[in-house]
Amino acid sequence: MVKGLYTAFTGMVNEEKRLDILANNLANANTVGYKKEGSTSQAFRDMLAYRIKDVTTPTHVGRIGAVNLGVKLGETYTDYSQGSFQVTDKKSDVAISGNGFFAISFTNKQGVTSIKYTRDGAFTVDNDGYFRTVDGDYLLDRAGAMGSNPNSRVRIDPTQDYTISANGNVTQNGVVVAQLGVVDFANYDFLAKYGENMYELVDGGQIIAATGTVEQGILEMSNINVVDEMVNMIAIQRAYETGQKMIQTEDSTIDKAVNEVGKV
């Protein structure tokens with residue numbers, strides 16, 4: 001009977017963690033380039049239960065069978081599928097159609113500069129001609145992105161008009177002046193979420209050329225379907241309530257076993 005309490009409890013904890021992930025997805029439904037997260041559930045290892053002090057067997061120990069101790073969160077994963085496009089007609093807004101990430105020269109609060117990656121192409125051009133993110137970090141050019149050089153940044157003449165081609169080339173007055181740093185990775189398992197809508201490449205990750213194309217005047221929105229997330233939220237709530245009822249039922253059974261059966 002007590003095992004049932006633990007089984008229901010682990011199920012409720014698992015649903016609570018799933019709800020946290022889902023709530024984070026909903027909070028970023030309108031975040032440019034955000035990729036939703038999902039989770040898997042995993043059962044604890046089955047254990048062989050024994051009946052001790054069983055006088056019907058010579059060893060006084062008999063096997064009952066395998067029992068499971070409940071469920072836990074297996075892993076959290078990121079869905080990198082393409083989000084929908086939104087036309088802005090702003091020249092510095094760019095989106096990647098297909099695989100690829102923008103390489104960003106990111107400086108943290110301690111002043112340490114490193115390279116991060118994002119699908120958020122909502123850039124602005126500052127007075128010096130540098131492409132910057134909404135947080136002020138610099139967009140790297142192709143050489144800096146492929147060579148992991150955080151100081152090789154995209155820079156144009158801010159007083160001149162410009163166009164961005166499908167391969168990321170920035171052209172002014174008929175001359176290519178820069179190329180956006182768009183790269184991809186051999187295995188996305190080596191990408192880790194850093195925060196601030198960015199990713200970082202962990203040890204073992206390999207940078208490769210991106211196959212996606214650049215679209216100017218367009219932003220890629222998040223790949224979150226709000227309706228699907230709301231349906232999943234209802235399912236999680238129902239599963240959580242089921243765990244509560246199981247605990248209440250187990251508690252009532254234990255109460256009768258202790259207070260009523262003991263009187264017989």
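Strand β15 (residues 182-185) is covered on both faces: V182 and D184 on one side, V183 and F185 on the other, are all buried. That fits a general pattern, since in a regular strand the side chains alternate between the two faces of the sheet. Keep in mind that what we're looking at here is a predicted model.

**Around β15**

So who sits beside this strand? On one flank, β15 pairs with β7 in the antiparallel sense, over 2 bridges, and F101 is the residue standing opposite V183. β15 is also joined to strand β18 (residues 207-209), again antiparallel, this time by 3 bridges. There, F185 stands opposite I207.

β7 has another partner too. Strand β7 (residues 101-107) and strand β8 (residues 113-118) run antiparallel and pair over 6 bridges, with F106 matched to S114 in β8. The two strands make a hairpin with 5 residues between them, and G111 in the turn has a positive phi of about 85°.

**L201 and its neighbours**

F185 and I207 turn up again when you look at L201, which touches both of them. L201 itself belongs to strand β17 (residues 198-201). Setting aside residues up to four places away in sequence, the rest of its contacts are Y117, F190, L191 and Q206. Y117 is a long way off in the chain: L201 and Y117 are 84 residues apart, yet their C-alpha atoms are separated by 8.2 Å. Is L201 buried or exposed? Neither, quite: its relative accessibility is 25%, so L201 counts as partly exposed.

**Salt bridges**

Now for the charged side chains. Side chains of opposite charge can pair when their charged atoms come close. The count for this model comes to 8 salt bridges, and three of them are set out below.

| Pair | Closest N to O distance |
|---|---|
| E15 and R18 | 2.9 Å |
| K35 and E220 | 2.5 Å |
| K193 and E37 | 3.6 Å |

Take the K35 and E220 salt bridge. K35 is in the loop between α1 and β1 (37-43) while E220 is in strand β20, so this pair ties together parts that are 185 residues apart in sequence. Both K35 and E220 are buried. The pair isn't on its own either, as K35, R119 and E220 are linked in a network of salt bridges.

The salt bridge between K193 and E37 is another link across the chain. K193 lies in strand β16 (residues 191-195) and E37 in strand β1, so the pair ties together parts that are 156 residues apart in sequence. K193 has a relative accessibility of 32%, so K193 counts as partly exposed.

E15 and R18 are a local affair: both lie in helix α1 (residues 2-27), 3 residues apart, which is about one turn of the helix. E15 counts as buried because its relative accessibility is 10%, whereas R18, at 28%, counts as partly exposed.

**S222, in a loop**

Last stop: S222, which lies in the loop between β20 (218-220) and α3 (226-259). Why does S222 count as buried? Its relative accessible area is 6%, and buried means under 20%. As for what surrounds S222, leaving out neighbours within four places in sequence, the contacts are N28, A29, N30, T31, G33 and Y34, together with G83 and S84.

How values were computed. Residues numbered from 1 in each chain as written. Predicted model: local features only at pLDDT ≥ 70, side-chain atom pairs only at ≥ 80, totals over all residues. Heavy atoms only, no water. Helix = DSSP H or I, 4+ residues; strand = E, 2+ residues; numbered from the N terminus. Buried < 20%, exposed > 50% of the residue type's maximum accessible area, 1.4 Å probe, protein only. Contact = heavy atoms within 4.5 Å. Salt bridge = Lys/Arg side-chain N within 4 Å of Asp/Glu carboxyl O. Pairing = 2+ DSSP bridges.
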